[in-house]
Number of protein chains: 4
Amino acid sequence: MTETQVTLIQIDNYGPWTVAPEPKREADLQMLQSRLYADLSQLVGHHDGYVFSTRYDNMIAVTNGLDLAEHRRIQDAVRNRYPVTVSLGVATGASPRDAIGEATATLQAAGSAQDGERTEILRGDPLREGGAVQIAHFDVNDATGRYTDELDAFEVFRRIDRGYTTLLEYMYDSHDSLSFFIGGDNVISVTADLDRPAFEEAIDHVAETAGIDLKVGVGRGRTAGDAGMVAKEALERCREHGTRVEIGAGERTEGT
Amino acid sequence: MTETQVTLIQIDNYGPWTVAPEPKREADLQMLQSRLYADLSQLVGHHDGYVFSTRYDNMIAVTNGLDLAEHRRIQDAVRNRYPVTVSLGVATGASPRDAIGEATATLQAAGSAQDGERTEILRGDPLREGGAVQIAHFDVNDATGRYTDELDAFEVFRRIDRGYTTLLEYMYDSHDSLSFFIGGDNVISVTADLDRPAFEEAIDHVAETAGIDLKVGVGRGRTAGDAGMVAKEALERCREHGTRVEIGAGERTEGT
Amino acid sequence: MTETQVTLIQIDNYGPWTVAPEPKREADLQMLQSRLYADLSQLVGHHDGYVFSTRYDNMIAVTNGLDLAEHRRIQDAVRNRYPVTVSLGVATGASPRDAIGEATATLQAAGSAQDGERTEILRGDPLREGGAVQIAHFDVNDATGRYTDELDAFEVFRRIDRGYTTLLEYMYDSHDSLSFFIGGDNVISVTADLDRPAFEEAIDHVAETAGIDLKVGVGRGRTAGDAGMVAKEALERCREHGTRVEIGAGERTEGT
Amino acid sequence: MTETQVTLIQIDNYGPWTVAPEPKREADLQMLQSRLYADLSQLVGHHDGYVFSTRYDNMIAVTNGLDLAEHRRIQDAVRNRYPVTVSLGVATGASPRDAIGEATATLQAAGSAQDGERTEILRGDPLREGGAVQIAHFDVNDATGRYTDELDAFEVFRRIDRGYTTLLEYMYDSHDSLSFFIGGDNVISVTADLDRPAFEEAIDHVAETAGIDLKVGVGRGRTAGDAGMVAKEALERCREHGTRVEIGAGERTEGT
């Protein structure tokens, strides 16, 4: 059984900051957001967690294995490097959807995201030990040959986005899973104990609804990094064997 | 009349690199992609251009005002800072859609994005002078009060994504415009001489189709940065006056 | 007794890279070097180690607590983020001088720093457990009042540099210690079981030879980060009490 | 005749920030300082200026070609990316020493570097046009063969530091020049109309006093970047021809 620990990372009072005393240059905002995301990716990644950029001012991380002291250290690192601070809500759940629900509620209970007094909240209840994560790594079949080398770059983007949005909605509604576009033609779903038929149906659904052909590698592990690496290796097997769904055998238990 | 110069920025042979000799850790890839995007944002931003992260391995930039020598300097900077290189295709068009079409074609003519021999291409025909850009900066009405502080963080993301996708499709199909989610509840559309009714219809369409209420500030300028700043100031006026569409008066002609 | 683990971090074949096919822009090189140092600072800092920028193409780190697998992960991270790679030599010694001697020898045995074939070496013999580090954190008395606010910025720099160079030579020759300027008016010495009189003599020597008045906080710990934080706290006590040497009591054994 | 424009970049009230409310982790401070320096290198480098890291909390830049508006934009960029701000003093002089003297005085007149109220000062009088910079780029003869591959890494560093300090003092006292170690075995001197014999004497002095053999390439240009690139190319000619001093012919007038 999976038990996913999720952290909501919210930039404190960010909207008002972007326009005070007057609107900041967009290039500066984009740089701030991407650098902050890159840093969080590294900070959380050090403990084999994953962060997804999501809306950039609200990011969602899978943090199995990180306790509150490690979360505090990440919060300190942000304050010491950036002109903004972050609040963190941590929760676990049998499904990723439950976990993000509770992680959000815990922050909301502390005040509004745009309350200038509500800064650097750290709340929640990390797993004492154990827990397990299931990660599904999807990509588009022959995206370069069919799309990137054939259509214009925005048209390709639009189709990938359409496939992603279709998958996101399906996995959320049908399986309480959280899906994130991670660049190129890749989507990661944080799932809970789904089996092969569930993934086959998801792929069928996206093909029928959005006309995009996917394949997927699936992994489990004690951390997102471990599960994600098993999933990537399984996806490589899809490429080699021409299969649509490969599920990693065994569980990977340490980062390498 | 607008004349938009667009640059397609494509990481050379990126997909194979991410899995050779074996799949790289996802946190490392996310860091690379975000840092590269942050750097490109600064490099292009120095000349008052905008870059959109798009698919990360394929990014779209609005580069009015940058000549080929400046593009070459950006290409050199990437090679000197990263383990990957980029190819650049530059084109202009009356509509942004035309421009990205031609910019893509110019790169595709040089070979496949996954051809290991096709690296650091720089092709295209920048504007000798002039040109003008129209930028529309959309955001969601009271996103914090209605969504961020009320719903769970993934549910909010999903609704914002749905609104964005609806807007993207509409602006592309109806107006040959390119729209990009830039974080929070913000979307930028690169448009071509659209007038107030066109924006009102777009907002109506998204409200009806996706149930998301938008407002928009619109600006024109000789560069994306200039047009974008006028658009941001117009959007502030929407906030102050409770209006849905504000169009910046005059044209801004220098970065500040 | 201290047992210091030191890692020599050497950029592979860096000199030739900076001038091939023609000299690279200095601003690009400075950026590469500083970013690489910043990243190594974070990567090693995650395990409570310290990295000193030293010559930038050759950096010296105190790495008690990092095993070979963690060194390998740092090496991988550099390769996945930069256009250059690094070789690492690890050694321990009763004195920091012995340790860096052996760490260097271990890399030199693998070939020249400018041998294009000798890349990504990782050699050495990390401590299985234990070890202890002594860190001395020096700064200049009232540097802002006496220097920064009074003399021109280069003259201040020159005096700080003179004080630093005098301290570096003395600590190396008399105490087999490695000293590094870390910005502002701060110098860190990695030392081995030195007592109060040794630090008092060092301060006297710098005052007499270079005319610079120093104070120092000293700490011990199982890692550089732990020892360094004790040293910083001791230095704060020097400030509060007007003393010249404060030695942290006890040993700090975990990062916070 | 040269006319060098120099900017003193001072982090506002930095010392107190590093220890409040309690001492910050050294790895975090090192990261902040290096990243800030890297960014300043890029921001100033965009206009073909050079920044030297100097003491990190006080940096010295050669900024011929940058007006006050461009300085303001750099100041804004720092505030929008970092938890600290910077003050800037700009001045020009026939010698670099005169210029930094006046640039410092202009900031000191605004208050102490550790006055929490004195933030984001921007003062000075940039050149309206013209000006010219002379850059001398020194390195150590066969540093890899004689030192890096032979001695221990700290011993090499110590010798390079000794040579650098000797050169710094000599160039400052004899020629009102500002010299900076820029990594590896490289030193850049910002000089004023020095001729071949002056450089030969400097090299002789360092050889006699510190036992380090240098060579130097010298360039002039309208900006530091232009002069520095001519100097690098001249230094390459020293390598090819086994000469000690090469002075670039002509003047380079545009960044490439």
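In this predicted model, C:Asp193 sits in the loop that joins β8 (186-191) to α7 (196-210) of chain C. Its phi is positive, about 55 degrees, although the residue is not a glycine. The relative accessible area of C:Asp193 is 37%, and because buried means under 20% and exposed over 50%, the residue counts as partly exposed.

A second aspartate with a positive phi is found in chain D. D:Asp176 occupies the loop between α6 (153-175) and β7 (178-183) of chain D. Its phi is about 50 degrees, again without the residue being a glycine. D:Asp176 is partly exposed, at 29% relative accessibility.

The backbone values of these loop residues, with those of two cis peptide bonds and one glycine, are set out below.

| Site | Backbone value | Note |
|---|---|---|
| C:Asp193 | phi about 55 degrees | not a glycine |
| D:Asp176 | phi about 50 degrees | not a glycine |
| D:Gly242 | phi about 70 degrees | just after α8(D) |
| A:Ala20 to A:Pro21 | omega near -5 degrees | cis peptide bond |
| D:Ala20 to D:Pro21 | omega about -5 degrees | cis peptide bond |

The two cis bonds can be placed in their chains. In chain A, A:Pro21 belongs to the loop between α1 (14-18) and α2 (26-45). In chain D, D:Pro21 belongs to the loop between α1 (14-19) and α2 (26-45).

D:Gly242, with its positive phi, comes directly after helix α8 of chain D. Helix α8(D) covers residues 224-241, which is 18 residues. At 1.5 Å a residue the helix should span 26 Å, and its end C-alpha atoms lie 25 Å apart, so the two values agree. Of its 18 residues, 13 are buried, and α8(D) is therefore largely enclosed by the rest of the structure.

Chain A contains an open sheet of 5 strands in the order β7-β8-β6-β9-β10, and its pairing is mixed. The edges are formed by β7 (178-183) and β10 (245-247) of chain A, each of which pairs on one side only. On average, neighbouring strands of the sheet are turned by 20 degrees against each other, direction ignored.

At the β7 edge, β7(A) pairs with β8 (residues 186-191) of chain A in the antiparallel sense, over 5 bridges. Within this part of the sheet, A:Gly183 stands opposite A:Asn186 of β8(A).

The sheet is also met by another chain. Helix α2 (residues 26-45) of chain B lies across β6 (133-140), β7 and β8 of chain A, and runs at about 55 degrees to β7(A).

Chain B also makes a contact with chain C, to which each of the two chains contributes 15 residues. The area buried between chain B and chain C is about 1,300 Å², with carbon and sulfur atoms giving 41% of that area. On the chain B side, B:Asp28, B:Asn80 and B:Arg81 lose the most area to chain C, together 42% of what that side buries.

Which residue of chain B forms a salt bridge with C:Asp28? The partner is B:Arg81, with the closest N and O atoms 3.8 Å apart. Between chain B and chain C the count is 4 salt bridges. B:Arg81 thus appears both in this salt bridge and among the residues of chain B that lose the most area to chain C.

Technical notes. Residues are numbered from 1 along each chain as its sequence is written. Chains are lettered from A and ligands numbered from 1 in the order in which they are written. This is a predicted model: local features need pLDDT of at least 70, side-chain atom pairs count only at pLDDT 80 or more; totals for chains, interfaces and linings use all residues. Side-chain values use heavy atoms; hydrogens and water are left out. Helices (H or I, at least four residues) and strands (E, at least two) are DSSP runs, numbered from the N terminus. The expected span of a helix is 1.5 Å times one less than its number of residues. Buried means under 20% relative accessible area, exposed over 50%, partly exposed in between (1.4 Å probe, protein chains only). Two strands pair if DSSP finds at least two bridges between them. Axes are lines fitted to C-alpha atoms, for helices over the stretch in contact, and angles run from 0 to 180 degrees between N-to-C directions. Contact means heavy atoms within 4.5 Å. Buried area is the accessible area (1.4 Å probe) that two parts lose on being put together, summed over both. A salt bridge is a side-chain nitrogen of Lys or Arg within 4 Å of a carboxyl oxygen of Asp or Glu.
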